[in-house]
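Colleague: I have a model open and would like to learn how to read its helices and charged pairs. Could you walk me through it?

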Amino acid sequence: MPTTATGSASLDQPDYWWYRARSELLRTVLEEHMGAPTRALDVGSADGPSVGWMHGGHPRFTLDIDPRGLERGRGVCGSASALPFKDGAFDLVGAFDVVEHCPSEVEVMGELARVLAPGGHLLLSVPAYQWAWSDHDVRAGHFRRYTLRRLERAVDAAGLRVDRSTYAFMGVFPLFAADRIRRRLRPPGEPRAQKLDEVGTATERMLLGLSRVDARLLRRHDLPFGSSVFLAAHKPGTRHGGPA
């Protein structure tokens, strides 16, 4: 899974296998839960290469602490824990691998729920399993990793209702687990890479192939484990004068 010192590595390497695979997996799981948005917000938009499927004819605004990830005229440089938008401003909010970067889970979830209109949809992804914590998480600026149940509880506590939640990247999970064990066993003084792990062409094909198997399974089933958690939720209430 990606390793970077600062910012989003997807800006420099948008064709890296993990971002390509994640884009397809996110689309497979979450696209049907977008609804018919009239105003969308992409929180953490520096990861934009992974969420092209979220674009559409609706107005779309972006927010990130890294100005390189902002869209001209529709981008705001700011924090997910203090969103500079009015209550109920959006009927679709996406935050992909964002929540784990915020010191307070309660604050960031409260803000995502606050700017979401009644009947609107929230789409999330986060890294899985605290036992998988490593130097990667430290360099990436993570504060925590998640189980599916923990993310569901955080969403519920923010007053939202879960529509679907699942693990993802099940196919590559044995390789992910082996990598985390390797990182823990590495001697303390050994140099640690500050960029994405390089993979050969054959390995990349294998990783993408395993992720495509995930995508086929996810069209019909939730996955019992994986290195990421995906979740779709909605805010109870009415939208555009009709039922949520």
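Modeller: Sure, starting with naming: helices (H or I, at least four residues) and strands (E, at least two) are DSSP runs, numbered from the N terminus. Here α4 is followed by G159, whose phi is positive, near 90 degrees. Keep in mind that this is a predicted model, where local features need pLDDT of at least 70, side-chain atom pairs count only at pLDDT 80 or more, and totals for chains, interfaces and linings use all residues. Residues are numbered from 1 along each chain as its sequence is written, and side-chain values use heavy atoms, with hydrogens and water left out.

Colleague: Okay, staying with that helix, which residues of α4 are buried?

Modeller: Buried means under 20% relative accessible area, exposed over 50%, and partly exposed in between (1.4 Å probe, protein chains only). In α4 the buried ones are L148, L151, E152, A154 and V155. These sit on the same side of α4, because they cover an arc of only 160 degrees around the axis; the arc is that of the directions from the helix axis to the C-beta atoms. Over on the other side of α4, you'll find R149, R153 and A157 exposed.

Colleague: And what do the buried residues of α4 pack against?

Modeller: Contact means heavy atoms within 4.5 Å. By that rule, the buried residues of α4 pack against α2, β5 (116-127), β6 (161-168) and β7 (228-234).

Colleague: Now the charges. How many salt bridges does the structure hold?

Modeller: A salt bridge is a side-chain nitrogen of Lys or Arg within 4 Å of a carboxyl oxygen of Asp or Glu. The structure has 18 of them. One joins the side chains of E105 and R150, at 3.3 Å from N to O. That pair ties together distant parts of the chain, with E105 in helix α2 (residues 105-114) and R150 in helix α4 (residues 148-157), 45 residues apart. E105 is buried at 18% relative accessible area, while R150 is partly exposed at 31%.

Colleague: What about a pair inside one helix?

Modeller: The general idea is that an α-helix has 3.6 residues a turn, so residues three or four places apart point the same way. Take R183 and D179, whose closest N and O atoms are 2.9 Å apart. They are four residues apart in helix α5 (residues 173-185), so about one helical turn separates them. R183 is buried at 5% relative accessibility, and D179 is buried at 14%.

Colleague: Which residues are linked with them in a network of salt bridges?

Modeller: The network links D135, D137, R139, R145, D179, R180, R182 and R183.
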